[in-house]
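Student: I have just opened this model and would like a guided tour. Could we take it one question at a time?

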Amino acid sequence: MPTALPESTQLNTPALLEAFFERSQDGFFFMMLDQPVVWGPEADKEAVLDYVFSHQRMTKVNPAMAEQFRARPEDLIGMTPSDFFRHDIAAGRRGWRRLFDAGHTHSLTNERRLDGTTMWVEGDYMCFYDGAGRITGHFGIQRDVSDRVRAGEELEQSRTELRALAARLQAIREEERTRIAREIHDELGQALTALKLDLAWLAKRPKGSGTSGAFRVIDSSITSRIDETMQIVRRIASELRPSVLDQLGLEAAIESLVRETTQRTGIAVCLHADDFPRLPDEIASHAFRIIQEALNNVTRHSQATLVHVSLRRMAGRILLTVEDNGVGIEPQSLSGVRSMGLVGMRERAVACGGSLLVSGEPGHTSIIATIPVPGA
(Lines give C-alpha, C1' and ligand atoms only; values in the text may rest on other atoms or scores of the structure.)
Protein backbone atom coordinates (compact mmCIF):
# COMPACT_ATOMS: atom_id res chain seq x y z
CA MET A 1 0.00 0.00 0.00
CA PRO A 2 1.19 3.61 -0.59
CA THR A 3 2.87 5.21 2.38
CA ALA A 4 0.59 7.79 3.98
CA LEU A 5 1.99 11.28 4.44
CA PRO A 6 2.18 12.61 7.97
CA GLU A 7 -0.94 14.58 8.85
CA SER A 8 1.15 17.72 9.38
CA THR A 9 2.24 17.72 5.73
CA GLN A 10 -1.14 17.17 4.10
CA LEU A 11 -1.80 20.91 3.70
CA ASN A 12 1.83 22.03 3.78
CA THR A 13 2.83 22.81 0.19
CA PRO A 14 6.63 22.93 0.78
CA ALA A 15 6.46 19.60 2.59
CA LEU A 16 4.40 18.11 -0.24
CA LEU A 17 6.91 19.32 -2.81
CA GLU A 18 9.76 17.89 -0.74
CA ALA A 19 7.96 14.56 -0.49
CA PHE A 20 7.37 14.56 -4.26
CA PHE A 21 11.04 15.36 -4.86
CA GLU A 22 12.26 12.59 -2.58
CA ARG A 23 9.86 9.86 -3.69
CA SER A 24 9.85 10.42 -7.43
CA GLN A 25 10.92 7.47 -9.58
CA ASP A 26 12.75 9.90 -11.87
CA GLY A 27 16.02 11.46 -10.84
CA PHE A 28 15.61 15.04 -9.56
CA PHE A 29 18.53 17.38 -8.89
CA PHE A 30 19.67 20.98 -8.52
CA MET A 31 23.04 22.24 -9.75
CA MET A 32 23.91 25.79 -8.66
CA LEU A 33 26.77 28.09 -9.61
CA ASP A 34 29.19 29.55 -7.06
CA GLN A 35 28.57 32.92 -8.76
CA PRO A 36 25.92 33.87 -11.37
CA VAL A 37 27.12 34.11 -14.97
CA VAL A 38 26.12 36.38 -17.84
CA TRP A 39 25.13 34.45 -20.96
CA GLY A 40 24.29 36.30 -24.12
CA PRO A 41 25.67 37.70 -27.37
CA GLU A 42 28.18 39.84 -25.50
CA ALA A 43 29.53 36.98 -23.37
CA ASP A 44 32.70 35.01 -24.06
CA LYS A 45 30.83 31.72 -23.97
CA GLU A 46 33.90 29.49 -24.01
CA ALA A 47 35.32 31.34 -21.00
CA VAL A 48 31.96 31.13 -19.23
CA LEU A 49 31.81 27.38 -19.85
CA ASP A 50 35.33 27.04 -18.44
CA TYR A 51 34.07 28.66 -15.24
CA VAL A 52 30.81 26.69 -15.19
CA PHE A 53 32.50 23.32 -15.55
CA SER A 54 34.55 23.98 -12.43
CA HIS A 55 32.13 26.08 -10.37
CA GLN A 56 28.64 24.66 -10.91
CA ARG A 57 27.97 22.05 -8.24
CA MET A 58 25.37 19.46 -7.45
CA THR A 59 23.53 20.86 -4.41
CA LYS A 60 20.52 18.59 -4.00
CA VAL A 61 19.57 15.14 -5.39
CA ASN A 62 16.84 12.64 -4.69
CA PRO A 63 17.34 8.90 -4.05
CA ALA A 64 16.31 7.98 -7.62
CA MET A 65 19.06 10.21 -9.01
CA ALA A 66 21.62 8.61 -6.71
CA GLU A 67 20.41 5.14 -7.72
CA GLN A 68 20.98 5.98 -11.39
CA PHE A 69 24.63 6.68 -10.61
CA ARG A 70 24.89 3.69 -8.24
CA ALA A 71 25.83 6.02 -5.41
CA ARG A 72 24.51 7.59 -2.25
CA PRO A 73 23.02 11.08 -2.50
CA GLU A 74 25.88 12.51 -0.48
CA ASP A 75 28.37 11.05 -2.97
CA LEU A 76 26.95 13.29 -5.71
CA ILE A 77 26.75 16.50 -3.70
CA GLY A 78 29.46 18.94 -4.75
CA MET A 79 30.22 17.22 -8.08
CA THR A 80 30.76 19.55 -11.06
CA PRO A 81 30.11 19.14 -14.81
CA SER A 82 33.80 18.27 -15.20
CA ASP A 83 33.27 15.37 -12.78
CA PHE A 84 30.16 14.06 -14.52
CA PHE A 85 31.56 14.42 -18.04
CA ARG A 86 35.23 13.66 -17.55
CA HIS A 87 34.79 10.84 -20.09
CA ASP A 88 33.70 13.32 -22.80
CA ILE A 89 34.18 16.97 -21.82
CA ALA A 90 33.45 18.18 -25.37
CA ALA A 91 30.01 16.52 -25.39
CA GLY A 92 29.28 17.93 -21.95
CA ARG A 93 30.17 21.46 -23.05
CA ARG A 94 27.92 21.13 -26.12
CA GLY A 95 25.06 20.06 -23.86
CA TRP A 96 25.56 22.96 -21.45
CA ARG A 97 25.80 25.42 -24.35
CA ARG A 98 22.44 24.22 -25.73
CA LEU A 99 20.88 24.47 -22.27
CA PHE A 100 22.19 27.98 -21.60
CA ASP A 101 21.30 29.16 -25.14
CA ALA A 102 17.68 28.04 -24.88
CA GLY A 103 17.14 28.19 -21.12
CA HIS A 104 15.70 24.68 -21.20
CA THR A 105 16.41 21.51 -23.11
CA HIS A 106 15.44 17.87 -23.59
CA SER A 107 18.32 15.57 -24.35
CA LEU A 108 19.62 12.03 -24.55
CA THR A 109 23.19 11.78 -23.25
CA ASN A 110 25.79 9.10 -22.73
CA GLU A 111 27.02 9.32 -19.15
CA ARG A 112 29.11 7.35 -16.67
CA ARG A 113 28.05 6.04 -13.28
CA LEU A 114 30.42 6.45 -10.38
CA ASP A 115 31.60 2.86 -10.85
CA GLY A 116 32.62 3.72 -14.44
CA THR A 117 29.85 1.83 -16.24
CA THR A 118 28.00 3.44 -19.14
CA MET A 119 24.40 4.55 -19.04
CA TRP A 120 22.10 6.49 -21.35
CA VAL A 121 20.16 9.29 -19.71
CA GLU A 122 17.08 11.04 -21.06
CA GLY A 123 16.35 14.29 -19.27
CA ASP A 124 14.63 17.64 -19.15
CA TYR A 125 16.58 20.61 -17.78
CA MET A 126 15.67 24.23 -16.95
CA CYS A 127 17.87 27.19 -16.04
CA PHE A 128 17.43 29.48 -13.02
CA TYR A 129 17.99 33.24 -13.33
CA ASP A 130 18.47 36.05 -10.88
CA GLY A 131 16.84 39.49 -11.05
CA ALA A 132 19.53 40.73 -13.43
CA GLY A 133 18.91 37.87 -15.89
CA ARG A 134 22.11 36.05 -15.01
CA ILE A 135 22.14 32.24 -14.86
CA THR A 136 22.44 30.95 -11.31
CA GLY A 137 22.09 27.22 -11.98
CA HIS A 138 19.59 24.71 -13.27
CA PHE A 139 17.12 22.01 -12.28
CA GLY A 140 16.96 18.60 -13.93
CA ILE A 141 14.66 15.59 -14.19
CA GLN A 142 16.23 12.53 -15.77
CA ARG A 143 15.81 8.80 -16.13
CA ASP A 144 18.08 5.92 -17.03
CA VAL A 145 17.01 4.65 -20.45
CA SER A 146 19.99 2.37 -21.06
CA ASP A 147 17.78 -0.69 -21.59
CA ARG A 148 15.64 1.15 -24.12
CA VAL A 149 18.66 2.48 -26.02
CA ARG A 150 20.32 -0.93 -25.95
CA ALA A 151 17.14 -2.56 -27.26
CA GLY A 152 16.98 0.05 -30.02
CA GLU A 153 20.60 -0.59 -30.96
CA GLU A 154 19.99 -4.34 -31.03
CA LEU A 155 16.89 -3.82 -33.16
CA GLU A 156 18.81 -1.62 -35.57
CA GLN A 157 21.64 -4.16 -35.71
CA SER A 158 19.12 -6.91 -36.39
CA ARG A 159 17.49 -4.80 -39.11
CA THR A 160 20.89 -4.14 -40.68
CA GLU A 161 21.76 -7.83 -40.61
CA LEU A 162 18.38 -8.78 -42.10
CA ARG A 163 18.84 -6.26 -44.89
CA ALA A 164 22.32 -7.57 -45.57
CA LEU A 165 20.91 -11.09 -45.66
CA ALA A 166 18.09 -10.01 -47.97
CA ALA A 167 20.58 -8.30 -50.27
CA ARG A 168 22.74 -11.42 -50.32
CA LEU A 169 19.74 -13.62 -51.07
CA GLN A 170 18.73 -11.26 -53.87
CA ALA A 171 22.23 -11.48 -55.32
CA ILE A 172 22.23 -15.28 -55.08
CA ARG A 173 18.80 -15.46 -56.70
CA GLU A 174 19.95 -13.16 -59.51
CA GLU A 175 23.01 -15.35 -60.09
CA GLU A 176 20.79 -18.44 -60.12
CA ARG A 177 18.37 -16.80 -62.53
CA THR A 178 21.26 -15.90 -64.84
CA ARG A 179 22.56 -19.49 -64.77
CA ILE A 180 19.13 -21.05 -65.38
CA ALA A 181 18.29 -18.56 -68.13
CA ARG A 182 21.57 -19.32 -69.85
CA GLU A 183 21.01 -23.08 -69.62
CA ILE A 184 17.42 -22.81 -70.86
CA HIS A 185 18.45 -20.58 -73.75
CA ASP A 186 21.55 -22.52 -74.72
CA GLU A 187 20.81 -26.16 -73.90
CA LEU A 188 17.07 -26.36 -74.52
CA GLY A 189 17.24 -23.89 -77.40
CA GLN A 190 19.99 -25.90 -79.09
CA ALA A 191 18.08 -29.16 -78.58
CA LEU A 192 14.93 -27.73 -80.16
CA THR A 193 16.92 -26.27 -83.04
CA ALA A 194 18.58 -29.64 -83.68
CA LEU A 195 15.18 -31.37 -83.60
CA LYS A 196 13.81 -28.88 -86.09
CA LEU A 197 16.78 -29.43 -88.42
CA ASP A 198 16.31 -33.20 -88.23
CA LEU A 199 12.64 -32.85 -89.16
CA ALA A 200 13.55 -30.53 -92.02
CA TRP A 201 16.07 -33.08 -93.29
CA LEU A 202 13.46 -35.84 -93.21
CA ALA A 203 10.93 -33.67 -95.01
CA LYS A 204 13.38 -33.02 -97.86
CA ARG A 205 14.11 -36.69 -98.50
CA PRO A 206 12.95 -37.77 -101.99
CA LYS A 207 9.72 -39.70 -102.43
CA GLY A 208 10.12 -43.44 -102.11
CA SER A 209 12.74 -43.09 -99.40
CA GLY A 210 10.28 -43.84 -96.62
CA THR A 211 8.64 -40.47 -96.10
CA SER A 212 4.95 -40.34 -97.00
CA GLY A 213 2.68 -37.35 -97.60
CA ALA A 214 1.07 -37.96 -94.22
CA PHE A 215 4.46 -37.69 -92.57
CA ARG A 216 5.08 -34.39 -94.32
CA VAL A 217 1.81 -32.98 -92.89
CA ILE A 218 2.75 -34.20 -89.41
CA ASP A 219 6.25 -32.80 -89.86
CA SER A 220 4.81 -29.38 -90.68
CA SER A 221 2.65 -29.47 -87.53
CA ILE A 222 5.58 -30.57 -85.36
CA THR A 223 7.83 -27.88 -86.83
CA SER A 224 5.20 -25.26 -86.03
CA ARG A 225 4.98 -26.53 -82.44
CA ILE A 226 8.77 -26.44 -82.12
CA ASP A 227 8.76 -22.81 -83.29
CA GLU A 228 6.14 -21.97 -80.65
CA THR A 229 8.14 -23.82 -77.99
CA MET A 230 11.28 -21.92 -78.94
CA GLN A 231 9.39 -18.65 -78.50
CA ILE A 232 8.27 -19.79 -75.03
CA VAL A 233 11.85 -20.77 -74.16
CA ARG A 234 13.12 -17.33 -75.22
CA ARG A 235 10.39 -15.59 -73.20
CA ILE A 236 11.05 -17.64 -70.04
CA ALA A 237 14.80 -17.12 -70.35
CA SER A 238 14.27 -13.40 -70.84
CA GLU A 239 12.00 -13.15 -67.79
CA LEU A 240 14.54 -14.99 -65.67
CA ARG A 241 17.41 -12.78 -66.81
CA PRO A 242 17.20 -10.68 -69.99
CA SER A 243 20.39 -11.18 -71.95
CA VAL A 244 20.10 -7.63 -73.27
CA LEU A 245 20.70 -6.36 -69.71
CA ASP A 246 24.15 -7.94 -69.69
CA GLN A 247 24.92 -7.22 -73.33
CA LEU A 248 23.54 -3.70 -73.89
CA GLY A 249 22.79 -2.30 -70.44
CA LEU A 250 19.85 -1.04 -68.41
CA GLU A 251 18.28 1.32 -70.96
CA ALA A 252 18.05 -1.33 -73.66
CA ALA A 253 16.72 -3.91 -71.18
CA ILE A 254 13.95 -1.56 -70.01
CA GLU A 255 13.08 -0.70 -73.62
CA SER A 256 12.70 -4.42 -74.30
CA LEU A 257 10.65 -4.89 -71.13
CA VAL A 258 8.32 -2.01 -72.02
CA ARG A 259 7.84 -3.32 -75.54
CA GLU A 260 7.09 -6.85 -74.33
CA THR A 261 4.64 -5.55 -71.67
CA THR A 262 2.72 -3.54 -74.27
CA GLN A 263 2.54 -6.51 -76.65
CA ARG A 264 1.48 -8.95 -73.93
CA THR A 265 -1.09 -6.81 -72.08
CA GLY A 266 -2.31 -4.23 -74.59
CA ILE A 267 -1.57 -1.45 -72.07
CA ALA A 268 0.08 1.59 -73.61
CA VAL A 269 3.49 1.93 -71.92
CA CYS A 270 5.50 5.06 -72.77
CA LEU A 271 9.21 5.22 -71.97
CA HIS A 272 11.56 8.15 -71.48
CA ALA A 273 15.19 7.18 -70.81
CA ASP A 274 18.15 9.51 -70.49
CA ASP A 275 21.56 8.48 -71.79
CA PHE A 276 24.21 7.77 -69.16
CA PRO A 277 27.30 5.59 -68.77
CA ARG A 278 27.01 1.86 -68.26
CA LEU A 279 25.92 1.16 -64.67
CA PRO A 280 27.53 -1.38 -62.35
CA ASP A 281 25.91 -4.81 -62.75
CA GLU A 282 24.44 -4.86 -59.24
CA ILE A 283 22.76 -1.46 -59.60
CA ALA A 284 21.54 -2.27 -63.11
CA SER A 285 20.01 -5.54 -61.88
CA HIS A 286 18.22 -3.90 -58.95
CA ALA A 287 16.97 -1.01 -61.12
CA PHE A 288 15.66 -3.39 -63.78
CA ARG A 289 13.87 -5.58 -61.20
CA ILE A 290 12.24 -2.50 -59.62
CA ILE A 291 10.80 -1.45 -63.00
CA GLN A 292 9.82 -5.05 -63.80
CA GLU A 293 7.97 -5.52 -60.49
CA ALA A 294 6.27 -2.13 -60.83
CA LEU A 295 4.99 -3.07 -64.31
CA ASN A 296 3.86 -6.46 -63.01
CA ASN A 297 1.84 -4.68 -60.30
CA VAL A 298 0.29 -2.43 -62.94
CA THR A 299 -0.80 -5.34 -65.11
CA ARG A 300 -2.13 -7.37 -62.17
CA HIS A 301 -3.93 -4.77 -60.08
CA SER A 302 -4.24 -1.28 -61.55
CA GLN A 303 -6.71 -1.69 -64.45
CA ALA A 304 -4.65 1.04 -66.11
CA THR A 305 -4.73 1.90 -69.80
CA LEU A 306 -1.65 4.13 -69.83
CA VAL A 307 1.71 3.84 -68.04
CA HIS A 308 4.65 6.24 -68.11
CA VAL A 309 8.09 4.80 -67.33
CA SER A 310 11.09 7.07 -67.00
CA LEU A 311 14.77 6.60 -66.29
CA ARG A 312 16.49 9.92 -65.58
CA ARG A 313 19.84 11.28 -64.42
CA MET A 314 19.87 13.73 -61.51
CA ALA A 315 23.19 14.94 -60.04
CA GLY A 316 24.83 11.67 -59.08
CA ARG A 317 21.57 9.75 -58.91
CA ILE A 318 19.24 7.90 -61.21
CA LEU A 319 15.50 8.38 -60.83
CA LEU A 320 13.25 5.48 -61.80
CA THR A 321 9.56 6.36 -62.15
CA VAL A 322 6.51 4.28 -63.04
CA GLU A 323 3.17 6.13 -63.16
CA ASP A 324 -0.21 4.78 -64.27
CA ASN A 325 -3.80 6.00 -64.62
CA GLY A 326 -5.35 3.03 -62.83
CA VAL A 327 -7.55 2.60 -59.77
CA GLY A 328 -4.88 3.78 -57.33
CA ILE A 329 -3.49 2.05 -54.28
CA GLU A 330 -5.01 1.77 -50.80
CA PRO A 331 -2.92 2.98 -47.83
CA GLN A 332 -3.13 -0.45 -46.15
CA SER A 333 -1.55 -1.97 -49.25
CA LEU A 334 1.66 0.01 -48.77
CA SER A 335 2.98 -2.29 -46.04
CA GLY A 336 2.57 -5.77 -44.61
CA VAL A 337 2.28 -9.20 -46.17
CA ARG A 338 -0.18 -7.93 -48.78
CA SER A 339 2.52 -5.82 -50.40
CA MET A 340 5.58 -8.04 -50.64
CA GLY A 341 6.19 -6.72 -54.15
CA LEU A 342 6.48 -3.18 -52.79
CA VAL A 343 8.64 -4.42 -49.92
CA GLY A 344 10.93 -6.14 -52.41
CA MET A 345 11.24 -2.99 -54.51
CA ARG A 346 11.97 -0.90 -51.42
CA GLU A 347 14.63 -3.33 -50.23
CA ARG A 348 16.26 -3.33 -53.67
CA ALA A 349 16.43 0.47 -53.59
CA VAL A 350 17.82 0.46 -50.03
CA ALA A 351 20.39 -2.19 -51.01
CA CYS A 352 21.78 0.34 -53.49
CA GLY A 353 21.81 3.12 -50.89
CA GLY A 354 18.64 4.67 -52.29
CA SER A 355 14.97 4.99 -51.41
CA LEU A 356 11.51 4.20 -52.76
CA LEU A 357 8.40 6.40 -52.59
CA VAL A 358 4.94 5.06 -53.41
CA SER A 359 1.82 7.20 -53.65
CA GLY A 360 -1.58 6.61 -55.12
CA GLU A 361 -5.12 7.83 -55.48
CA PRO A 362 -7.93 6.92 -57.87
CA GLY A 363 -6.69 7.68 -61.36
CA HIS A 364 -3.02 7.92 -60.52
CA THR A 365 -0.32 5.80 -58.87
CA SER A 366 3.39 6.57 -58.88
CA ILE A 367 6.42 4.58 -57.80
CA ILE A 368 9.64 6.57 -57.60
CA ALA A 369 13.00 4.97 -56.81
CA THR A 370 16.07 7.12 -56.25
CA ILE A 371 19.46 5.38 -56.45
CA PRO A 372 22.80 7.10 -55.99
CA VAL A 373 25.25 6.37 -58.80
CA PRO A 374 28.67 8.05 -58.74
CA GLY A 375 29.31 9.70 -62.08
CA ALA A 376 25.74 9.34 -63.30
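The conversation below goes through sheet, aromatic rings, crossover and loops.

Tutor: Gladly! This is a predicted model, so local features need pLDDT of at least 70 and side-chain atom pairs count only at pLDDT 80 or more, while totals for chains, interfaces and linings use all residues. Residues are numbered from 1 along each chain as its sequence is written, and side-chain values use heavy atoms, with hydrogens and water left out.

Student: What is the order of the strands in the open sheet of five strands?

Tutor: Helices (H or I, at least four residues) and strands (E, at least two) are DSSP runs, numbered from the N terminus. Two strands pair if DSSP finds at least two bridges between them. In this open sheet the pairing is antiparallel, and the order is β2-β1-β5-β4-β3.

Student: Which strands stand at the edges, each with a single partner strand?

Tutor: An edge strand here has one side left without a neighbour in the sheet, because it has a single partner strand. The two that fit are β2 (56-61) and β3 (104-112).

Student: Which residue is the bridge partner of Phe28 in β5?

Tutor: β1 and β5 run antiparallel and are joined by seven bridges. Within β5, the partner of Phe28 is Ile141.

Student: How many aromatic pairs are there?

Tutor: Rings of Phe, Tyr and Trp (its six-membered ring) pair if their centres lie within 6.5 Å; planes under 30 degrees apart count as stacked, over 60 as edge-to-face and the rest as tilted. By this rule the count is eleven.

Student: How many residues apart are Phe28 in strand β1 and Phe139 in strand β5?

Tutor: Phe28 and Phe139 form an edge-to-face pair, 5.8 Å centre to centre with 75 degrees between the planes. The pair links distant parts of the chain, Phe28 in β1 (residues 27-37) and Phe139 in β5 (residues 135-144). Their separation along the chain is 111 residues.

Student: Is Phe139 buried or exposed?

Tutor: Buried means under 20% relative accessible area, exposed over 50%, and partly exposed in between (1.4 Å probe, protein chains only). Phe28 has 5% relative accessibility, so Phe28 counts as buried. With a relative accessible area of 16%, Phe139 is buried.

Student: What kind of pair do the rings of Phe53 and Trp96 form?

Tutor: Phe53 is in helix α2 (residues 45-55) and Trp96 in helix α6 (residues 89-102), 43 residues apart. Both Phe53 and Trp96 are buried. Their ring centres are 5.3 Å apart and their planes lie at 65 degrees, so the pair is edge-to-face.

Student: What is the handedness of the crossover from β6 to β7?

Tutor: β6 (residues 268-273) and β7 (residues 306-313) run parallel, joined by six bridges. The chain passes from β6 through helix α11 (residues 281-302) to β7. A crossover is right-handed if, with the strands pointing away from the viewer, the path from the first strand over the helix to the second runs clockwise. This β-α-β crossover is left-handed.

Student: How far apart are the end C-alpha atoms of α11?

Tutor: The expected span of a helix is 1.5 Å times one less than its number of residues. For the 22 residues of α11 that gives 32 Å, which agrees with the end C-alpha distance of 30 Å.

Student: Is Gln303 buried or exposed?

Tutor: Gln303 lies in the loop between α11 and β7. Its phi is near 60 degrees, a positive value in a residue other than glycine. At 66% relative accessibility, Gln303 counts as exposed.
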